Amino acid sequence: MGGQGIVFAATVLGETLYRLGYYVAQLQNYGASVRGGAVYGYVVFDEDEIVNPFIEELEVLVILHEQGRRRWENIVRKSRKIIYDKDLVKPVKNGIAMPIAEEADKHGVYRALNMVALGIASRILGVKGIDKVVDEVLRSRKNYELNINAYEIGLELAGRARI
Amino acid sequence: MTERLFLSGNEAVVYGAIDAGCRFYAGYPITPSSEIMHLMAKELPRVGGVFIQAEDELAAINMIIGASWAGLKSMTATSGPGFSLMQEGIGYAVMTETPLVIVDVMRAGPATGQATKSAQGDLMQARWGRHGDQYLVVIAPMTPQEAYDLVIEAFNIAEAYRVPVVFLMDEFIGHGREIVVRRGADKLVERRRPSDHEPPFGSKDPRIPPPMPRLGEGYYVLVTGSTHNEWGYRDVHGFETHYRLVTRLKEKIWGNIDKIFKYKVYGDPDARRIIVCFGSTCRPAIDAAERVGGTKVLRLITLWPLNYDKLAEELSGAEKVVVPELSLGQLVYDVAQVYPRNKMRVVNKVGGGIPIYPSEIIKALEA
């Protein structure tokens with residue numbers, strides 16, 4: 001949730017889980033504006049066919065922007081594991097604050113904040129083989145180096161936080 | 001040739017159309033349908049087809065009418081505002097019995113509304129958007145897979161009955177990505193060509209669509225949106241010609257309702273609690289029915305012509321009927337024709353790209 005390439009991040013995660021053999025549904029809610037943080041993207045995956053991809057309760061939610069948190073409070077409230085950026089988002093009840101933007105900035109990958117978020121989500125999901133396939137998917141897209149670096153920073157961040 | 005792909009509904013509809021034999025596309029981009037156009041531009045030339053970005057939706061609809069008369073299966077795609085602009089052309093296509101597929105990826109309206117947010121508010125427009133007595137076919141998929149499968153069906157119906165078919169998707173289906181199996185068409189219907197002395201705009205049995213000549217092959221034919229007799233000659237004065245024409249155009253569709261109308265039942269088929277729905281809204285409905293049990297989901301695939309006898313039959317004995325829609329209520333008028341309003345519950349939600357959730361449908365079921 002945020003406005004920093006969230007739809008792209010969801011696309012990469014969806015494509016990855018599809019390549020790993022899951023049934024996948026990837027959806028998003030975005031606006032017509034070029035800037036702004038009121039965007040979310042999510043992926044539902046399962047070993048069986050997906051009856052309904054319209055869900056309110058997310059297992060893992062990473063929030064990168066205050067605007068999104070405000071607009072979709074119902075989703076935030078019902079989600080289970082919530083990670084949010086400690087500087088960009090106001091404190092979220094039961095959420096875990098992390099220095100996502102700060103770390104990204106420090107490593108020069110601020111432009112790929114979405115990939116840092118994806119790294120965090122991947123680490124928490126812990127799906128077998130996910131990192132290798134994310135790498136493959138990112139290789140097929142633009143800015144591979146930047147994206148994969150950012151993704152790895154996300155993995156590390158989540159690892160350090162022991163979530 | 002079976003491929004398992006990860007596609008958005010917009011992408012799926014392109015591959016479905018191509019596998020149905022679509023070889024001409026003209027369109028004007030509009031959210032949330034633009035990806036259809038982008039992919040058509042890429043894929044059509046690869047199969048020898050023609051893609052044109054038209055100057056606007058009026059041009060687009062009229063170009064595909066022309067291409068269809070030149071013998072190609074033709075399609076366009078748009079969303080609410082563009083669909084409004086196309087109405088005149090669609091009416092002309094009904095009157096001239098031109099096979100077409102028009103994809104409308106619905107967004108929140110009226111007017112420009114919310115371009116990126118899903119809705120189901122074009123249902124009545126799809127059926128009744130034109131002036132005069134006109135009848136066409138409306139089909140609604142509920143998943144990207146069905147966007148692939150059912151658009152093939154849409155082309156087959158267009159060809160079989162010489163009629164425009166509106167393929168009514170919504171933003172959730174158009175932009176949602178899921179696994180789509182590109183399995184190819186089971187069967188393809190091709191329009192019948194006239195033999196000598198066979199009229200292109202009339203048949204003894206109105207349920208049998210007349211054959212359609214291909215322009216450029218030497219068959220002299222007049223194509224006009226004005227009232228015409230079976231040979232295409234205008235008659236803008238007489239009662240007989242007009243009445244015969246419009247009743248035949250109606251009977252061509254409604255007289256074949258048993259073949260055209262399709263629906264599907266999910267959940268418990270004997271349950272007396274029933275959800276009636278179409279399109280993407282059926283997915284939370286099916287989920288809700290599975291969660292609470294004792295519920296039947298009646299999902300309409302064909303939205304027009306609508307078999308009200310079948311609807312009445314399926315709803316007979318129902319204790320409660322819930323109609324969820326991503327609009328302020330349009331399908332509800334169909335249900336109200338065969339079921340008492342006081343036993344009906346509606347779930348209406350539109351705007352902001354927020355779907356109807358199973359919990360909301362369950363609440364209505366249990367209210």
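1. Before anything else, a word on pairing: two strands count as paired here if DSSP finds at least two bridges between them. Keep in mind too that this is a predicted model. With that in hand, have a look at the open sheet of 4 strands, ordered β2(A)-β1(A)-β9(B)-β1(B), where the pairing is antiparallel. Its edge strands are β2 (40-46) of chain A and β1 (3-8) of chain B, each of which pairs on one side only. Ignoring direction, neighbouring strands are turned by 30 degrees against each other on average.

2. Which strand of chain B do 2 bridges join to β1(A)? That would be β9 (residues 177-182), and the two run antiparallel. If you want a spot to zoom in on, try Gln26(A), whose bridge partner in β9(B) is Arg177(B). Within chain A, β1(A) is joined to β2(A) by 7 bridges, again with the strands running antiparallel. There, Gln28(A) stands opposite Gly41(A) in β2(A).

3. Now for the helices on this sheet. α1(A) lies across β1 and β2 of chain A together with β1 and β9 of chain B, and runs at about 10 degrees to β2(A). From chain B, helix α1 (residues 9-19) packs on the sheet as well, touching β1 and β9 of chain B. The direction of α1(B) makes about 130 degrees with that of β1(B).

4. On the contact between the chains: 18 residues of chain A are in contact with 19 residues of chain B. On the chain A side, α1 (6-19) and β1 (23-29) each supply at least two residues. β1(A) gives the largest share, 7 residues. By class, the side of chain A that touches chain B has 10 nonpolar, 6 polar and 2 charged residues.

5. Chain A also holds an open sheet of 3 strands, in the order β3-β4-β5, with parallel pairing. β3 (60-63) and β5 (95-98) of chain A are the edge strands, each pairing on one side only. From one strand to the next, the twist averages 20 degrees. 4 bridges join β3(A) to β4 (residues 81-85) of chain A, and Val60(A) stands opposite Lys81(A) in β4(A). Helix α5 (residues 113-125) of chain A lies across β3 and β4 of chain A, at about 160 degrees to β3(A).

6. Chain B is divided into domain 1 (3-182) and domain 2 (264-366). Their C-alpha centres lie 25 Å apart, and 22 residues of domain 1 are in contact with 20 residues of domain 2. On the domain 1 side, the elements giving two or more residues are β6 (114-118), α5 (123-128), β7 (137-139), β8 (164-170) and α7 (171-175) of chain B. The residues of that side divide into 14 nonpolar, 5 polar and 3 charged.

7. Last, a quick sanity check on helix α3 (residues 57-69) of chain B. Its 13 residues should span 18 Å at 1.5 Å a residue, and the end C-alpha atoms are 19 Å apart, so the two agree. The buried residues of α3(B) include Ala60(B), Ile61(B), Met63(B), Ile64(B) and Ile65(B), but also Glu57(B) and Ser68(B). What do the buried residues of α3(B) pack against? The partners are β2 (22-27), β3 (50-53), β4 (73-78), α4 (80-95) and β5 (100-108) of chain B. α3(B) is followed by Gly71(B), with a positive phi near 105 degrees.

Conventions:
Residues numbered from 1 in each chain as written. Chains lettered and ligands numbered in written order. Predicted model: local features only at pLDDT ≥ 70, side-chain atom pairs only at ≥ 80, totals over all residues. Axes fitted to C-alpha atoms, helices over the stretch in contact; angles between N-to-C directions. Contact = placed C-beta atoms within 7 Å. Domains from an automatic or database assignment. Nonpolar A, V, L, I, M, F, W, Y, C, P; charged D, E, K, R; others polar. Expected span 1.5 Å × (residues − 1). Buried ≥ 20, exposed ≤ 12 C-beta atoms within 10 Å, placed from the backbone.
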